[in-house]
Structures are given as structure tokens and as C-alpha cells.
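Good morning, colleagues. I would like to take you through one chain this morning, beginning with a single residue and working outwards. Please keep the sequence and the structure in view as I speak.

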Amino acid sequence: MTNTKQITFRVRRFDPDKESAPHWDEYKIHVHDGMTVLEALHELKAKQEPTLSYRSSCRMGVCGSCGMFINDLPQLACQTQVLHLGTDVVTVAPLPNYPNVKDLVPNLEPLIQKHAAIKPFIIHTNSTEVDNPTGEFIQSAEEREAFSQFTYCIKCGICLAACPTVATDPLFLGPQALAQAYRYTADNRDCGLQERLSAIDAFHGPYQCHMAGACSQACPKGVDPAFGIQLLKRTLVLNNIGIGRNKKTAEVRPLADVVKEIEKFAPPPRTV
């Protein structure tokens with residue numbers, strides 16, 4: 001038999017078209033084992049408060065839409081089980097360090113602007129090959145491992161909500177953008193460090209990081225952006241004093257050769 005427990009939800013409400021300041025409303029919900037905060041909000045909206053606004057999509061920790069401030073910690077509502085919080089009262093508010101659109105909906109535009117500023121794409125000197133590829137840029141498993149964990153970022157914005165530096169300096173690029181700057185700079189297919197310098201080697205860049213580590217603790221995908229920022233600092237310092245490592249740029253191998261190599265590891269033919 002499924003256990004249920006009555007939990008009080010304190011939800012921060014704000015409608016900028018009707019109110020000058022946010023307020024808190026309380027609702028009681030019978031919560032069962034495994035019920036997430038997002039599921040509780042769905043039930044609350046369906047049965048008690050149809051005007052409640054929040055953002056969600058995949059419900060499986062992939063899209064990053066449902067980042068919220070739950071019991072004073074930035075978390076994904078779809079990954080947070082209510083009974084695992086261990087409290088009879090659950091507070092839910094929009095992510096801090098962002099403007100508030102309405103109720104639990106943050107305006108993530110600063111996150112996207114900072115992400116775009118660091119040019120989050122492969123920049124290669126051979127633009128002809130990039131635009132009209134004749135083969136593949138080859139990358140070994142070890143070269144991939146150098147930045148692998150940073151590719152798991154889902155851009156939920158939770159790391160910026162947890163960052164104490166963003167709280168005091170809204171122009172600070174923040175852990176998401178800086179970790180992604182390192183992700184592309186460390187990629188052996190990329191030659192874009194010099195193009196990114198004006199955005200990342202700046203006053204509001206990585207040297208403003210106090211290494212609190214709150215971003216890494218809050219990341220729902222296990223990424224360590226605080227570590228990425230330290231690696232980016234090292235890259236910039238070595239580049240500025242002219243002793244940076246000469247990164248071996250990925251070579252282009254014809255597609256036919258790549259396919260032949262893949263075929264070596266093809267599964268055996270089906271027997272039935």
C-alpha cells in the first residue's frame with residue numbers, strides 16, 4: 001500500500017500585471033511515495049490553483065525547464081521527491097539571481113546571453129572543411145575525455161542561481177558560460193581561443209570566481225563548473241605569458257576511412 005502524507009506547500013506568487021511585490025500562498029496536498037515537486041505542482045494547478053505559473057517539459061531531468069528554489073536550494077522540480085525533503089512544509093520560489101516573469105517562472109535571458117557571448121561552437125581555421133566537409137575531424141578517446149563532463153550541461157541555469165558571485169555582480173559571466181568556454185577551448189577540433197578572449201578574459205570573467213563551489217554542488221547533471229573555471233584560468237594565464245600548450249589540431253580523415261574503421265567494430269550478423 002502506498003504511503004501518503006499531507007504536506008504544506010508555501011509557494012511564492014507574483015503577477016507583475018496586478019501586484020507590486022511578491023507574496024506567499026499556502027496549499028495542502030496529500031503526497032505519496034515517489035511524488036516529485038513538479039507532480040505536486042501539477043496537482044495543485046489542476047485541483048486548487050489554476051492560475052499558478054511555472055515552466056516544465058520533459059519531466060525526466062533532461063530539458064532543464066523546471067529549475068526552482070525548493071526549500072532554499074536551487075533544484076530541478078522533476079528530480080526532487082517531496083518526501084525525500086524530510087519536511088512537513090515545502091517552500092517553492094523562482095530561481096534567485098534572475099528577474100521574475102511570474103510566480104515560479106524566471107527570466108533566463110541573462111543565462112542565454114552569457115552563453116552566446118563565449119561563442120559556444122567549434123571554431124576551426126579550415127572554414128572550407130567546416131562548411132563543406134569531405135571527412136571527419138578525428139578525436140581520440142583521451143582527447144574527448146579532456147572536456148567530456150562539460151558536454152552534459154543542460155543549460156537549466158541552476159548553477160547561476162546558486163552562485164554567490166552572480167548574486168553580487170549580475171554582469172559576472174557565471175559558471176555555466178565559463179565552463180562552456182573551457183569545454184570548447186579544450187576541444188582539439190577548436191581553434192577559437194583568441195576569438196573568445198574579448199568575452200572571457202575580462203573584468204567580469206573567471207577571475208571574479210571565489211571558488212565557493214556552490215555551482216558544482218547544485219548541478220543536477222553532476223557537472224563540475226567550478227573546476228572548469230579553474231582550468232580556464234590556467235589556460236588564460238599560460239596563453240597570456242606565451243607558454244600555453246600548443247594544442248594538436250584535429251586532422252581531417254576521409255569519410256570512407258572512418259566508415260571502414262567503424263565497420264571493424266560492427267556487431268556480428270544476426271543468426272535468426
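Let me begin with Ile 200. Apart from residues within four places in sequence, Ile 200 makes contact with Ile 118, Leu 173, Ala 181, Leu 193, Gly 205, Pro 206, Leu 232 and Leu 236. I should say at once that this is a predicted model.

Where does Ile 200 belong? The largest nonpolar core has 61 residues, and Ile 200 is among the members that touch the most others, together with Phe 9, Leu 41, Met 68 and Val 82.

Now the chain as a whole. Its secondary structure amounts to eleven helices and nine strands. The C-alpha trace spans about 65 × 60 × 30 Å along its principal axes. Of the 272 residues, 42% are buried. If one takes the contacts between residues at least 6 apart in sequence, 65% of them join residues at least 24 apart.

I turn next to the helices, and to H7 in particular, residues 174-185. How many of the twelve residues of H7 are buried? Twelve of the twelve are, so the helix is largely enclosed by the rest of the structure. The buried set includes polar and charged names as well as nonpolar ones: Gln 176, Gln 180 and Arg 183 are listed beside Leu 178, Ala 181 and Tyr 184. Which elements do these residues pack against? They pack against H2, H5, H6, H8, H9 and H10. As to geometry, the end C-alpha atoms of H7 lie 17 Å apart, in agreement with the 16 Å that twelve residues should span at 1.5 Å a residue.

One of those partners, H10, covers residues 225-240. From its first C-alpha to its last, H10 reaches 22 Å, close to the 22 Å expected for its 16 residues. Its buried residues are Pro 225, Ala 226, Gly 228, Ile 229, Leu 231, Leu 232, Lys 233 and Leu 236. Two of these names, Leu 232 and Leu 236, were on the contact list of Ile 200. The buried residues of H10 pack against H7, H8 and H9. After H10 comes Gly 242, with a positive phi near 80°.

Another partner of H7 is H2, residues 109-117. Leu 111 is located in H2. Is Leu 111 buried or exposed? Its relative accessible area is 1%, and the cut-off for burial is under 20%, so Leu 111 is buried. Setting aside neighbours within four places, Leu 111 is in contact with Tyr 98, Lys 155, Cys 156, Gly 157, Leu 160 and Gln 176. Between Leu 111 and Cys 156 there are 8.8 Å from C-alpha to C-alpha, with 45 residues of separation in sequence.

A second pair is separated by 45 residues in sequence as well: Ala 256 and Met 211, whose C-alpha atoms are 47 Å apart. Ala 256 is in helix H11, residues 255-263. With a relative accessible area of 48%, Ala 256 is partly exposed.

Let me move to the loops. Most residues other than glycine have a negative phi. Asn 71 has a positive phi, near 50°, and it sits in the loop between strands E3 and E4. Lys 119 also has a positive phi, of about 55°. The loop that holds Lys 119 runs between H2 and H3, and at 29% relative accessibility Lys 119 counts as partly exposed.

A third loop residue, Thr 36, lies between strand E2 and helix H1. What is the accessibility class of Thr 36? At 10% relative accessibility, it counts as buried. Beyond residues up to four places away, Thr 36 touches Ala 77, Cys 78, Thr 80, Gln 81 and Val 82. Val 82 was named earlier among the core members.

Finally, the second largest pocket. Its volume is about 210 Å³. Fourteen residues form the lining, and Leu 73, Pro 74, Gln 75, Gln 217 and Ala 218 lie nearest the centre. Strand E4, helix H5 and helix H9 each give two or more residues to this lining. Which element gives the most? E4 does, with four residues. By class, the lining comprises nine nonpolar, four polar and one charged residues.

That brings me to the end of the tour, and I welcome your questions.

Conventions. Residues are numbered from 1 along each chain as its sequence is written. This is a predicted model: local features need pLDDT of at least 70, side-chain atom pairs count only at pLDDT 80 or more; totals for chains, interfaces and linings use all residues. Side-chain values use heavy atoms; hydrogens and water are left out. A nonpolar core is a set of buried Ala, Val, Leu, Ile, Met, Phe, Trp, Tyr and Cys residues joined through side-chain atoms within 4.5 Å. Buried means under 20% relative accessible area, exposed over 50%, partly exposed in between (1.4 Å probe, protein chains only). Contact means heavy atoms within 4.5 Å. On a 1 Å grid over the protein atoms alone, a cavity is a set of points where a 1.4 Å probe fits but cannot get out, and a pocket is an open set with protein on both sides within 12 Å along at least five of seven lines; lining residues have an atom within 4 Å of a point. Grid points are joined across faces, edges and corners, and a volume is the space filled by probe spheres set on the points. The expected span of a helix is 1.5 Å times one less than its number of residues.
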